[in-house]
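Please look over the sequence and the model below before reading my comments. They are written for someone meeting such a structure early in their studies.

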Amino acid sequence: MDDAPLTGVKACVFDAYGTLFDTASAARRLAGEIGDEAGPLAALWREKQLAYTWLRAVQDRHADFWQVTGDALDFALETLGIERPGLRERLMELYLTLEPYPEVPEVLRRLRAAGLKTAILSNGTPRMIEALVAGAGLQGQFDALLSVEQAGVYKPHARVYQLALDSLGLPARAISFQSSNGWDAYGASAFGMQVVWCNRGGQQPERLPGAPDRVVAILAALPALVGA
């Protein structure tokens, strides 16, 4: 894929879960207690969490991301037969302080030093997003923390991506949107944003409307792509 810089970018908007913050880190922190099931638990938890957002959107039965995350965890724990006193509560609390990927603080510093606006656009509730940012010591690194709760529906609905335009006062093509989730990257592209797919897992291209403008393995490559 073309690695030339994008043009006309005034702001970088990031997905949170899996893009800035490692969704597997909650289960990994308790791996000593969970054992060999820590990896499978993290994977199934995430899989069901996303599936529930899509299914609720289709059914027009919205519940916020904290509830969806808890429901998905309950499913994963029961499916894998994991029973430990207080484990569910500790995992949920750890989900509020997921570890940022190592390159994230420096990437944000470079973007902001170059005068670009930065924002998070996430499925998470406002409380969840604020907790992630605070836990990672990234306060002051974003111009906006945007939750789908403001739209009442989950990604990849167009109303969610519109939140970024309304908040930042920019047209879609002036925004570079970053997500590690292929379906999210393609959704933002179909909406009209420029998109950098942070394909951390080496996934195959999606068969969906839209297509990312650039594909990177980690976010460290982003500043050069947006002139920072």
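The numbered points below take up the basis of the model, its core, one helix pair and one loop residue.

1. This is a predicted model, in which local features need pLDDT of at least 70 and side-chain atom pairs count only at pLDDT 80 or more, while totals for chains, interfaces and linings use all residues. Residues are numbered from 1 along each chain as its sequence is written, and side-chain values use heavy atoms, with hydrogens and water left out.

2. The largest nonpolar core (buried Ala, Val, Leu, Ile, Met, Phe, Trp, Tyr and Cys residues joined through side-chain atoms within 4.5 Å) has 78 residues, of which F14, W45, L91, L121, I175 and M193 touch the most other members. Leaving aside neighbours within four places in sequence, L121 is in contact (heavy atoms within 4.5 Å) with residues including V13, F14, L146 and F177.

3. Helices α3 (residues 38–59) and α4 (residues 65–80), both taken from DSSP runs (H or I, at least four residues), have axes that come within 8 Å and cross at roughly 135 degrees. That angle makes α3 oblique to α4, because angles under 35 degrees count as roughly parallel, over 145 as roughly antiparallel, 65 to 115 as roughly perpendicular and the rest as oblique. Among the residues making this contact are L41, W45 and Y52 of α3 and F65, A72 and F75 of α4.

4. L219 lies in the loop between β6 (214–216) and α10 (222–225), and counts as buried (under 20% relative accessible area, with a 1.4 Å probe and protein chains only) because its relative accessibility is 1%. Among its contacts beyond four places in sequence are F14, V104 and C198.

Definitions and conventions. Buried means under 20% relative accessible area, exposed over 50%, partly exposed in between (1.4 Å probe, protein chains only). Axes are lines fitted to C-alpha atoms, for helices over the stretch in contact, and angles run from 0 to 180 degrees between N-to-C directions. Helices (H or I, at least four residues) and strands (E, at least two) are DSSP runs, numbered from the N terminus.
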